[in-house]
Amino acid sequence: MDLDPEGIFRDDSDSESELYEEKEPTKELAVYLIDASPKMFAPITAHENGNKETYFHVAIDCIAQSLKTQIIGRSYDEVALCFFNTKEKKNLQDVNGVYVFNVIERELIDRPTAKLIKEFSCIEDKFMSTIGSRYGVLPGSRENSLYNALWVAQALLRKGSVKTSSKRILIFTNDDDPFGSVTGAIKADMIRITTQRAKDAQDLGISFELLPLSRPDEEFNVSMFYADMIGLEGTDISQFLPSATEKLEDMKDQLRKRIFRKRKVRTLTFSIANGISIQVNTYALIRPTLPGAIMWLDSVTNLPLQTERSFICADTGALIQQPSKLFHPYKDQMVQFSKDQILEVKKVSNSHLRLLGFKPLDCLKDYHNLRPSTFIFPTDEEISGSTRIFIALYRSMLRLKRFAFAFYGKSSNPRLVALVAQDEIISSSGQVEPPGMHMIYLPYSDDIRHVEELHRTDDAIAPRATDDQIKRASALMRRIDLKDFSVCQFANPALQRHYGILQALALNVDEMPDIKDETLPDEEGLARPGVVSVLEEFKIAVYGENHDQEEVDSMSMRGSRSEASRKRKEMAETAERESSRYNWVDLAESGQLKDLTVIDLKYYLTAHNLSVTGKKEALISRILTHLGKYLDYFLHYQAVTLGGTGIYLSAFDVKCKKMVLCSSPRR
């Protein structure tokens, strides 16, 4: 087989040394240049409350929202905020018209903090009194505020290396001709030196982004000056303004989400056969996003605490300096183990990944995929020739339409995996899918749940959809199908609320930011006539034409039952409240139950879920039976004949339980 490892997994423009050594920058350094000329304070639109929104307000709001999102998404990136065309100056170069905004206890270019965002968001109210606005280029003067701003921004971006960090300058302005107030040789000279300053910065690895704020009556003309400064040519000029406007809107409506660094998860040894092993890197293409881990802070300084663990001798109470030893009791002895021996016991396989065989692709089912797959890619860092062997295996699997069956030997959770080759997909805009293999984690036999039987008896007939119902369901699915669906289109509302609460606490604001739940049904889309018609046809086919009326009748019946239940609950609460006013045990022992009204007696019975039917004597008897006092109260003030002796029992002494005899005549 003709192998070409140098060409299959890289572009033609890649050099030999860049194949394995090229690394993406891990941090971004950005300088926001905000135009503070009087044009930026011109009103754009008027709100209902009479306040007029200015271009300067739009720029401040976009940057503030971007910084809030950056703290969550890429908290390790660093920024600097710089105004140009200002009256006051504040910069290390001591040039006019440039003001670098910052807060105490923070470097000029550093990670954004809550204090920086809070003060920057409110800067518009006091900007004129503390910093001031002026035109940076005046007739008869060679002062160039934009040139000074580029100089200051380039000096701020000297921090960090181009190999480990990406650097960019973002310019916010609504003036497409910053040198419009001067003419002749002075204007040409200013344009030349400003453009040269920008090109020098680009040669140092600094990129420029222009975010124009177009006026309602006039479109921003990027060809006037900024096209030459940022290096736009040909069709890029005509496509620039729509893309820049979209980028500006994205800054205002950015999603709060963490952005993970693109790095390999781990390096595995892939055992092929007969002692042949190669090395591959693994990458996690998708993972669930979870809230950040809890960080313990000092209650006084609010600084993070560092957790340390020490072992203390149980006999002496002294700190144990030597490493701990592991043992296992066996009969009457303690068998010691070293750490190497423990690792050897836990080791399942000598290699991380071992090839077992191959199977046709149609043997791999969708339900075999238990969790997000891991992408593997060859590397020659330690085992030379890994890429060549990987390419031979990769091409054979694509040609024969097979997937590799392998054993993934992790000591904690060993699994069988399927290695599926993915062909490279390239479009006009670049690479869409890279070449490599997906490692799919296969289930064990007890991981697959068989469909439970809906009918217990063998002779029961399972209901099946008719051809008309299937047709209507298919039409409904086609109508509400989401085109080009991606999980990235929908934000997790719980995470968005979590980040919103953190943002409100950090900025010390009372109002929570508005969180839009994109997982809720699209009521506007479902109300379209085409969707309504196919939905109605599906309902009629499955539930019948009178389904809506049956639902209304069912709801009314449930409503009447719920109303009766509510009344019973109210009566029970009233009875319990009224019955709690009396001490029923004392009333029973003292014989005072007969003095209560029938309503009071029924309150007790209702509160204890007893029957309330019968006369007063029956109610009292029922209460006494419930209290366990029936025998003590029997025949109170009732006369009972004792045989033929002429002696009558007139009463019971309830408390002492003594019979009082009397010789009153027979009645």
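**Exercise 1. Place T282 in the fold.**

Solution. T282 sits in strand 9. Helices (H or I, at least four residues) and strands (E, at least two) are DSSP runs, numbered from the N terminus. The model is predicted: local features need pLDDT of at least 70, side-chain atom pairs count only at pLDDT 80 or more, and totals for chains, interfaces and linings use all residues. Residues are numbered from 1 along each chain as its sequence is written, and side-chain values use heavy atoms, with hydrogens and water left out.

Step 1: accessibility. The relative accessibility of T282 is 4%, so T282 counts as buried. The cut-offs are these: buried is under 20% relative accessible area, exposed is over 50%, and partly exposed is in between (1.4 Å probe, protein chains only).

Step 2: contacts. Contact means heavy atoms within 4.5 Å. Neighbours within four places in sequence are set aside, and T282 then touches K264, V265, R266, L268, T374, F375 and I376.

**Exercise 2. Describe C313 in the loop that follows strand 9.**

Solution. Step 1: location. C313 lies in the loop between strand 9 (276-284) and strand 10 (326-330).

Step 2: accessibility. C313 has 25% relative accessibility, so it is partly exposed.

Step 3: contacts. Residues up to four places away in sequence are not counted, and C313 touches A318 and I320.

**Exercise 3. Take the two loop residues N85 and E105. What is the sign of phi in each, and is each buried or exposed?**

Solution. Step 1: N85. Its phi is near 70°, a positive value in a residue other than glycine. N85 belongs to the loop between strand 4 (78-84) and strand 5 (98-101). The relative accessible area of N85 is 8%, so N85 is buried.

Step 2: E105. Its phi is positive, about 60°, although E105 is not a glycine. E105 is in the loop between strand 5 and helix 4 (114-121). The relative accessible area of E105 is 82%, so E105 is exposed.

**Exercise 4. Analyse how helix 6 packs on helix 7.**

Solution. Step 1: geometry. Helix 6 (residues 145-156) and helix 7 (residues 184-203) have axes 9 Å apart and pack at an angle of about 15°. Axes are lines fitted to C-alpha atoms, for helices over the stretch in contact, and angles run from 0 to 180 degrees between N-to-C directions.

Step 2: direction. Helix 6 is therefore roughly parallel to helix 7. The classes are: under 35 degrees roughly parallel, over 145 roughly antiparallel, 65 to 115 roughly perpendicular, and the rest oblique.

Step 3: handedness. The crossing of helix 6 with helix 7 is left-handed. A crossing is left-handed if the near helix is turned anticlockwise from the far one by less than a right angle, and right-handed if clockwise.

Step 4: residues. Helix 6 contributes L146, Y147, L150, W151 and Q154, and helix 7 contributes I193, T194, R197, A198 and A201. The contact of helix 6 with helix 7 has seven nonpolar, two polar and one charged residue. Ala, Val, Leu, Ile, Met, Phe, Trp, Tyr, Cys and Pro count as nonpolar, Asp, Glu, Lys and Arg as charged, and the others, Gly among them, as polar.

**Exercise 5. Repeat the analysis for helix 12 and helix 15.**

Solution. Step 1: geometry. The axes of helix 12 (residues 467-479) and helix 15 (residues 529-543) come within 9 Å and cross at roughly 155°.

Step 2: direction. Helix 12 and helix 15 are therefore roughly antiparallel.

Step 3: handedness. Helix 12 and helix 15 cross in a left-handed way.

Step 4: residues. From helix 12 come D468, Q469, R472, A473, L476 and R479; they meet G530, V531, V534, L535, E537, F538, A541 and V542 of helix 15. The contact of helix 12 with helix 15 holds eight nonpolar, two polar and four charged residues.

**Exercise 6. How far apart are A572 and T606, in sequence and in space?**

Solution. Step 1: location. A572 is in helix 16 (residues 547-579).

Step 2: accessibility. A572 has a relative accessible area of 32%, so A572 is partly exposed.

Step 3: distances. A572 and T606 are 34 residues apart in sequence, and their C-alpha atoms are 6.4 Å apart in space.

**Exercise 7. Summarise the whole chain.**

Solution. Step 1: elements. The chain has 20 helices and 21 strands.

Step 2: burial. The chain has 667 residues, and 31% of them count as buried.

Step 3: contact range. Take contacts between residues at least 6 apart in sequence: 65% of these join residues at least 24 apart.
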